[in-house]
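Please walk me through the charged pairs and the nonpolar interior of the structure shown here, with the cut-offs behind each term.

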Amino acid sequence: RDWSSDVCSSDLGFSEWNAKQISDGLSFQKQKGFDQFVSSQPQYSMLWRVIEKEVVPVCESNGIGQIVWSPIAQGVLSGKYQAGKKPPKKSRATDKKGGAEMISKFMRDDLLRAVENLKPIAKKLDLTMAQLAVAWVLQNPNVSSAIIGATKPDQIKENVKAAGVKIPSEIMLEIDSVIGRFAEKDPRSEEHTSELQSRQYLVC
């Protein structure tokens, strides 16, 4: 790709690049004497962990932080969707123009039942399930911040309380034992490749 038309004068970031693209981009910047990337904007949550294996290590070694989106997995990790029940009216799962297709990968009864098992874990930490989900992504030292995608002021007030929460290592392991087997972790999965192709761009 010809990057010359994409170069911005401000701090540079990128969204949904894989590790090879990041490495190629860094090499190009070094070759041309351009300022280096400072941020990556990937999808990341308890249920979508594809950045952990390759993207995070490349970014950590080059001083690039993650500004992650969808930490609550389109609302699934808030507990609003329940196994065996229809999605709430006017929710993302029912909005064919606003996210129903994307969230469909999480709308399985076995997965939703596992999400329900996160509720007592959140209670141990005096957090809501949504707060737990946001706090979880912030435990990754390469994550600088999380884009919560709130649609209501109350959601912002609730989820901002996740900032600064320290989840003990034993609780992190408990979370993983409950939900880890349902998480997408393979950066070369067909589903992830499709996500990348539809969401890649530069951020200035």
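Six salt bridges are counted in this predicted model, a salt bridge being a side-chain nitrogen of Lys or Arg within 4 Å of a carboxyl oxygen of Asp or Glu. Because the model is predicted, local features need pLDDT of at least 70 and side-chain atom pairs count only at pLDDT 80 or more, whereas totals for chains, interfaces and linings use all residues. Residues are numbered from 1 along each chain as its sequence is written, and side-chain values use heavy atoms, with hydrogens and water left out.

Side chains of opposite charge can pair when their charged atoms come close. One such pair is Asp 176 with Arg 49, whose closest N and O atoms are 2.7 Å apart. This pair links distant parts of the chain, since Asp 176 lies in helix 8 (residues 169–179) and Arg 49 in the loop between strand 2 (39–41) and helix 2 (55–61), 127 residues apart; helices (H or I, at least four residues) and strands (E, at least two) are DSSP runs numbered from the N terminus. Arg 49 also meets the side chain of Glu 52 in a salt bridge, at 3.2 Å from N to O.

How accessible are these partners? Arg 49 counts as buried at 11% relative accessibility, while Glu 52 is partly exposed at 28% and Asp 176 is partly exposed at 32%; here buried means under 20% relative accessible area, exposed over 50%, and partly exposed in between, with a 1.4 Å probe and protein chains only.

Another salt bridge joins the side chains of Asp 110 and Arg 108, again with an N to O distance of 3.2 Å, and here Asp 110 is partly exposed at 33% relative accessibility, as is Arg 108 at 36%. Through shared partners, salt bridges join Arg 49, Glu 52 and Asp 176 into one network.

In soluble globular proteins, nonpolar side chains tend to be buried together. The largest nonpolar core (a set of buried Ala, Val, Leu, Ile, Met, Phe, Trp, Tyr and Cys residues joined through side-chain atoms within 4.5 Å) has 51 residues, and those with the most contacts inside this core are Val 76 and Leu 118. Elements giving two or more residues to the core include helix 1 (19–32), helix 4 (109–116) and helix 8, and helix 6 gives the most, with eight residues. Leaving aside residues up to four places away in sequence, Leu 118 touches Met 46, Leu 77, Met 129, Leu 132, Ile 175, Val 178 and Ile 179, where contact means heavy atoms within 4.5 Å.
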